[in-house]
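Thank you for coming. I would like to walk you through one structure this morning, so please have the sequence and the view open before we begin.

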Amino acid sequence: MKRHPALVDLSRDHYNKALKWARDAGLAARTGDPAQIEAVAGQVVEAFASEFLPHFQTEEAGILGLLARAGERDLVERALSDHADLRAIATALEAPDAQTLQRFSERMAAHVRFEERQLFEAAQRYLESSAN
């Protein structure tokens, strides 16, 4: 399905950034190499501040507000909970370890799947119906 223009950049972020970081974090975590774990964790922390937090803020100010007004409380609560979990994991990665890096990998990938398959699909319906 072609994304509504309001979702295109957010969706690109998911595929071009979030899933890349999830994959890289998982690969580094599974090496067990402390130097690689530390390096990738540091990169994730930096990317989180520069890329993911602004992405979350855009979603929270726009798409989640739209869905809340439409009564999609469960989707909004899940997205906000995921964002809070990922923020906490990113903070924990300031003291990197393989388990936390693996947790970031799994949670980020699951979050992207949720948003692309459920949250954005619902937002797309509301965005399209409000344009008509």
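**Aromatic residues and their surroundings**

Let me start with F56, which is buried, since its relative accessible area is 1%, where buried means under 20% relative accessible area, exposed over 50% and partly exposed in between, calculated with a 1.4 Å probe on protein chains only. Before I go further, I should say that this is a predicted model, in which local features need a pLDDT of at least 70 and side-chain atom pairs count only at pLDDT 80 or more, while totals for chains, interfaces and linings use all residues. Residues are numbered from 1 along each chain as its sequence is written, and side-chain values use heavy atoms, with hydrogens and water left out.

On confidence, pLDDT is the predictor's confidence in each residue, on a scale from 0 to 100. The protein chain averages a pLDDT of 96, and 98% of the residues score at least 70. Among the elements of the chain, helix α5, residues 98–131, has the lowest mean pLDDT, at 95, and α4 has the highest, at 98. When I say helix, I mean a DSSP run of H or I with at least four residues, numbered from the N terminus.

Now back to the rings. The structure holds three aromatic pairs, and a pair here means rings of Phe, Tyr or Trp (for Trp, the six-membered ring) whose centres lie within 6.5 Å, with planes under 30 degrees apart counted as stacked, over 60 as edge-to-face and the rest as tilted. The rings of F48 and F52 have their centres 5.5 Å apart and their planes at 55°, so this pair is tilted. Both residues lie in helix α2, four residues apart, which is about one turn of the helix. As general background, an α-helix has 3.6 residues a turn, so residues three or four places apart point the same way. F48 also pairs with F56, and that pair is edge-to-face, with 5.7 Å from centre to centre and 85° between the planes. F48 is buried, with a relative accessible area of 4%, and F52 is buried too. Taken together, ring pairs link F48, F52, F56 and F104 into a cluster.

That brings me to the nonpolar cores, each being a set of buried Ala, Val, Leu, Ile, Met, Phe, Trp, Tyr and Cys residues joined through side-chain atoms within 4.5 Å. The largest has 23 residues, and those with the most contacts inside it are V44, F48, F52, L93, L101, F104 and M108. The elements that give two or more residues to this core are α1 (5–31), α2 (34–61), α4 and α5, and the largest share, eight residues, comes from α2. A second, separate core of 15 residues includes L7, L67, F114 and A122.

What is L93 in contact with, leaving aside its neighbours within four places in sequence? With contact meaning heavy atoms within 4.5 Å, the partners of L93 are A41, V44, V45, T100, L101 and F104.

Turning to α4, its 20 residues, 73–92, should span 28 Å at 1.5 Å a residue, and its end C-alpha atoms are 28 Å apart, which agrees; the expected span is 1.5 Å times one less than the number of residues. The buried residues of α4 are L75, V76, A79, D82, H83, L86, I89 and A90. They cover an arc of only 155° around the axis, which puts them on the same side of α4, the arc being that of the directions from the helix axis to the C-beta atoms. On the other side of α4, R73 and D74 are exposed.

Two of those buried α4 residues deserve a closer look. D82 is buried, with a relative accessible area of 2%, and, not counting residues up to four places away in sequence, D82 touches R107, H111 and F114. H83 is buried with a relative accessible area of 0%, and, leaving aside its neighbours within four places in sequence, H83 is in contact with F56, E59, E60, L64, H111 and E115.

Finally, consider D13 in helix α1: is D13 buried, partly exposed or exposed? D13 is partly exposed, with a relative accessible area of 22%, and, leaving aside neighbours within four places in sequence, D13 is in contact with A18 and H55. The C-alpha atoms of D13 and F52 are separated by 8.7 Å, although these residues are 39 residues apart along the chain.
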